[in-house]
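Trainee: I would like to learn how to read a protein model feature by feature. Could you take me through one slowly, giving the general idea before the case?

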Amino acid sequence: MRLSRQYAPTLKESPAEAEVVSHKLLLRAGMIRKLTSGIYTYLPLGLRVLNKVADIVREEMNRAGAQEILMPMVQPGDLWKESGRWEFYGKELLRIKDRHDRDYCLGPTHEEVVTDLVRGEVKSYRQLPINLYQIQTKFRDEIRPRFGLMRGREFVMKDAYSFDRDDAGADESYKAMFHAYERIFERLGLRFKAVMADSGAIGGSFSNEFMVLAETGEDTIASCLSCDFAANLERAEINPPQGAAPCASLPLETVATPGKHTVEEVCEFLSVPPSKLIKTLIYLADGEPVAALVRGDRELNEAKLSNLLNAGMLAMAPPEVVKEVSNAPVGFAGPKGLKVKRLVADHELALGADWITGANAADAHHLHLDLARDAEVETFADLRVITPEDPCPRCGGALEFAKGIEVGHVFKLGLKYSSTLNCKYLDEQGKEQFMVMGSYGIGVSRIVAAAIEQNNDDRGIVWSPPIAPFEVAVLSLAGKKQEVADKAQEIHDALESAGIEVMLDDRKERPGVKFADADLVGYPMQLVVGDKGLANGIVEAKDRRTGERTEIALENFLENFKNWRTEVRNGWGL
């Protein structure tokens with residue numbers, strides 16, 4: 001491939017709209033262009049990367065026994081209403097109507113469609129297990145699309161769905177997909193970690209996320225230094241504290257705290273640490289007011305709260321609801337006398353009996369509150385976000401925190417969709433049974449961005465060889481010297497004939513421009529063909545990842561190059 005004939009418009013400066021490294025570099029390297037908010041066109045180099053990622057995903061899915069299909073992006077609303085997700089999914093589901101005023105949506109995921117397919121075709125236990133997957137465009141109407149391909153509205157995803165006779169079979173399907181994902185990310189040349197995760201809007205009993213490790217990641221991973229425990233912060237559990245709850249010793253007291261709404265303001269006013277306070281947080285769970293209590297220096301984990309309450313929809317209560325249930329403005333709610341449907345507390349609070357809380361009155365707080373004596377807590381449970389100071393919930397060892405980008409998620413769905421959509425089979429005794437399902441997603445386009453977030457420098461992208469648009473760039477510094485241009489073309493042709501993907505930069509540009517563009521685009525291996533090198537019987541080779549330069553003799557060039565190429569790939573762990 002000649003760069004002079006390639007549509008690859010690079011930019012010297014980052015567009016003002018670009019916020020993160022991957023977004024800036026994908027635009028600057030001429031790989032994507034924005035059409036509208038959260039929706040991008042892939043240019044030739046970007047599409048090559050996307051297709052390479054998809055090919056690796058496809059190969060490993062096929063190797064694991066999954067079968068590829070392609071389902072429609074436009075889905076009938078009736079299916080989503082049947083599953084119960086038409087309203088639950090929220091505004092991210094882009095709903096549309098056809099000319100007959102029938103409801104449809106653009107698919108953000110395909111559990112409903114694939115379950116409808118299987119329930120109409122699969123009738124006997126002899127036809128199970130089945131694992132069907134697709135690589136297809138999805139659409140989620142993000143409230144604030146940002147970060148380019150990291151959080152767009154339209155994106156490319158691999159989604160697979162397994163159907164089994166029983167839980168044991170479903171466990172085997174889950175394991176097969178888990179190991180397929182490990183192979184995929186190893187082949188992509190990415191540093192990753194599989195962590196326990198919350199199932200969110202997809203639902204199900206258990207799930208794991210696959211995280212590409214990068215300092216710019218939006219997610220935080222807690223992992224143990226002594227055992228294999230690793231979890232997303234949403235999922236990382238905290239064991240109950242040990243010890244007996246003390247008995248209250250001081251009577252409840254109400255004090256004036258004029259205008260002190262926040263934990264910081266109250267602590268400063270009363271000269272106490274945040275650990276002495278209880279935060280009373282009011283939520284609407286499926287439309288009903290509920291309250292959750294955590295220590296003043298802790299952060300509530302909304303995923304844990306939602307799971308505890310078994311809430312389909314959970315949101316912070318608006319100020320008018322807070323005032324209705326507490327008789328006070330925001331900032332003064334407390335557990336004593338709170339008019340909510342359910343009152344739950346983090347289990348850390350069970351070991352205290354002398355708390356400061358809101359008094360359910362404007363400008364007032366309670367001192368010496370004892371939850372056992374002064375409030376009606378329904379249950380104490382793990383409700384807070386884990387911290388680096390907490391011990392590992394598995395072995396008690398020390399934890400470390402790292403940033404990651406979610407690029408894959410595997411779910412044990414169980415009967416969530418098969419029961420609501422009546423997806424059954426006949427067992428060996430001729431009795432109807434619900435199929436046990438699993439769901440397995442990989443963000444193909446997000447991997448492209450995540451790979452850049454993990455591998456870049458101040459000059460541009462650093463692609464791993466398996467997903468680079470071209471593995472090798474031959475930079476022809478010919479100027480007006482035809483013999484240099486001919487040798488560069490000869491080297492290009494020899495590599496191409498050997499099955500190596502190579503780009504020849506034959507543009508009539510200054511050497512500095514070619515060097516800069518090669519680094520920006522991120523070709524893993526660069527070969528510089530110039531008249532001085534040719535006079536000495538060598539070409540200069542550069543490893544983009546390390547920046548190391550070496551000389552490759554033109555005599556027996558192909559063999560010499562392949563030896564160097566092996567070294568470069570070994571450096572990536574390939």
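**Reading the model step by step**

Mentor: Let us begin with one residue, A64, which lies in the loop between α2 (44-63) and β3 (67-68). Please keep in mind throughout that this is a predicted model.

Trainee: Is A64 buried or exposed, or something in between?

Mentor: A64 is partly exposed, because its relative accessible area is 25%, and the range called partly exposed runs between the buried limit of under 20% and the exposed limit of over 50%.

Trainee: Which residues is A64 in contact with, leaving aside its neighbours within four places in sequence?

Mentor: With those neighbours set aside, A64 is in contact with A176, M177, A180 and R183. Take A176 as the example: A64 and A176 are 112 residues apart along the chain, yet their C-alpha atoms are separated by 6.3 Å.

Trainee: How far apart in space are E490 and L300, C-alpha to C-alpha?

Mentor: E490 and L300 are 64 Å apart in space, with their positions 190 residues apart in sequence. E490 has its place in helix α13 (residues 482-497), and with a relative accessible area of 46% it is partly exposed.

Trainee: What do the contacts of the whole protein look like, counting those between residues at least 6 apart in sequence?

Mentor: Of those contacts, 70% join residues at least 24 apart in sequence. As for the overall dimensions, the C-alpha trace spans about 95 × 70 × 50 Å along its principal axes. The protein has 16 helices and 31 strands, and buried residues make up 52% of its 574 residues.

Trainee: How much area does the protein expose, and what share of it do carbon and sulfur atoms supply?

Mentor: The protein exposes about 26000 Å², and carbon and sulfur atoms supply 49% of that area. For the charges, you can compare two mean positions, that of the 71 positive and that of the 87 negative charges, and these lie 4 Å apart.

Trainee: Let us turn to helices. Why is α12 described as largely enclosed by the rest of the structure?

Mentor: The general idea first: an α-helix has 3.6 residues a turn, so residues three or four places apart point the same way. In the case of helix α12 (residues 444-454), 11 of the 11 residues are buried, so the helix is largely enclosed by the rest of the structure. Among these buried residues are V444, R446, E453 and Q454.

Trainee: And strands: how do β1 and β2 run, and how many bridges join them?

Mentor: Strand β1 (residues 32-36) and strand β2 (residues 39-42) run antiparallel, and 4 bridges join them. You can follow the pairing residue by residue, since R33 stands opposite T41 in β2, while T36 has I39 as its bridge partner in that strand. Together β1 and β2 form a hairpin with 2 residues between them, and G38 in the turn has a positive phi of about 75°.

Trainee: Which residues other than glycine have a positive phi?

Mentor: One of them is S271, with a positive phi of about 55° although it is not a glycine. S271 is placed in the loop between α7 (263-270) and β14 (278-285), and it is exposed, with a relative accessible area of 66%. Another is N422, whose phi is near 55°. N422 lies in the loop between α11 (416-420) and β22 (424-426), and its relative accessible area of 46% makes it partly exposed.

Trainee: What kind of peptide bond joins L128 and P129?

Mentor: L128 and P129 are joined by a cis peptide bond, with omega about 5°. P129 has its place in the loop between α5 (111-121) and β7 (130-139).

Trainee: Finally, how many disulfides does the structure hold?

Mentor: A disulfide is a covalent bond between the sulfur atoms of two cysteines. This structure holds 0 disulfides. Consider C395: the closest cysteine sulfur to its own is in C224, 3.5 Å away, which is too far for a bond, because the cut-off for a disulfide is within 2.5 Å.

Trainee: Are C395 and C267 buried, exposed or partly exposed?

Mentor: C395 counts as partly exposed at 43% relative accessibility, whereas C267 is buried, with a relative accessible area of 6%.

Terms used: Residues are numbered from 1 along each chain as its sequence is written. This is a predicted model: local features need pLDDT of at least 70, side-chain atom pairs count only at pLDDT 80 or more; totals for chains, interfaces and linings use all residues. Side-chain values use heavy atoms; hydrogens and water are left out. Buried means under 20% relative accessible area, exposed over 50%, partly exposed in between (1.4 Å probe, protein chains only). Contact means heavy atoms within 4.5 Å. Accessible areas come from the Shrake-Rupley method with a 1.4 Å probe; for residues, only the protein chains shown count as cover. Lys and Arg count as positive and Asp and Glu as negative; His and the chain ends are not counted. The place of a charge is taken as NZ of Lys, CZ of Arg, CG of Asp or CD of Glu. Two strands pair if DSSP finds at least two bridges between them.
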